[in-house]
Amino acid sequence: MEALISQFTFLSDQALQHKNFDPSTIEDLMKLFEIEAYKSWAAMELQHHNEAQDAEIAMQQAEDYLDSVMEDAMDEFRRFEEEFDRMAEAELQQLLYKSEKARKMGSLMEKAAAVASKRYMEAAMNSATASMRSALKAISSNKVHPS
């Protein structure tokens, strides 16, 4: 383009200085300007197209990377969730085991209390019966107990 501008400057100077100057030479130069402008426009269009393709490729790579990162995060979340579920299940089983032991212990304590209560009642009944027999013996023998 600089060469064309130099040529145009040269021809302009000649047109001003020479009366026999042929204007078609400037027209030929103007056609060369037009061709050069189209070449520049095509080069810019190609460069724009290449940059757009590069941007699309970069965007696709970024999307692929984001998808990969998201998939890794989801896998890690699933592993965490599975581990948490295993821990919760283990804790639940431990609590169920302890509650069953406590239920059995309570049942045994209830039975022991029932047996102790029954024996206490039997002992009280036996004591009361013995006291009644003793009182009956005392009444039938006409002896009065000093207390």
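The following paragraphs lead through a predicted model, from an annotated stretch of helix to the surface patches and salt bridges.

Because the model is predicted, local features are described only where pLDDT is at least 70 and side-chain atom pairs only at pLDDT 80 or more, whereas totals for chains, interfaces and linings use all residues. Residues are numbered from 1 along each chain as its sequence is written, and side-chain values rest on heavy atoms, with hydrogens and water left out.

A suitable starting point is the stretch at residues 52-90, which UniProt, in an unreviewed entry, annotates as "coiled-coil region"; UniProt positions follow the numbering used here, feature names are shortened, and such annotations may be inferred rather than shown by experiment. Over residues 52-90 the model is 100% helix and 0% strand, and the C-alpha atoms at the two ends lie 56 Å apart. Helices here are DSSP runs of H or I with at least four residues, strands are runs of E with at least two, and both are numbered from the N terminus. Ala 62 belongs to helix H2, and its C-alpha atom is 34 Å from that of Lys 39, a residue 23 positions away in sequence. With a relative accessible area of 42%, Ala 62 is partly exposed, a class that lies between buried (under 20%) and exposed (over 50%), as computed with a 1.4 Å probe and protein chains only.

Two surface patches come next, a patch being built from residues that have over 30% relative accessible area and no salt bridge, with like charges joined within 9 Å and nonpolar side chains (Val, Leu, Ile, Met, Phe, Trp, Tyr) within 5 Å. Met 74, Phe 77, Phe 80 and Phe 84 make a nonpolar patch of about 430 Å², where areas come from the Shrake-Rupley method with a 1.4 Å probe and, for residues, only the protein chains shown count as cover. Phe 80, which lies in helix H2, counts as exposed because its relative accessible area is 53%. A negative patch is formed by Glu 81, Glu 82, Asp 85 and Glu 89, with Asp and Glu counted as negative, Lys and Arg as positive, and His and the chain ends not counted; the charge is placed at CG of Asp, CD of Glu, NZ of Lys or CZ of Arg. Glu 82 lies in helix H2, which spans residues 24-141, and at 46% relative accessible area Glu 82 is partly exposed.

The structure also holds four salt bridges, each defined by a side-chain nitrogen of Lys or Arg within 4 Å of a carboxyl oxygen of Asp or Glu. Glu 71, Asp 75 and Arg 78 are linked in a network of such bridges: Arg 78 pairs with Asp 75 at 2.9 Å, N to O, and with Glu 71 at 3.8 Å between the closest N and O atoms. Arg 78 and Asp 75 are three residues apart in helix H2, about one turn of the helix. The three members of the network are partly exposed, with relative accessible areas of 37% for Arg 78, 42% for Glu 71 and 29% for Asp 75.

Another salt bridge joins the side chains of Glu 100 and Arg 103 at 2.5 Å, N to O. Because Glu 100 and Arg 103 are three residues apart in helix H2, about one helical turn separates them, and Glu 100 is partly exposed at 30% relative accessible area.
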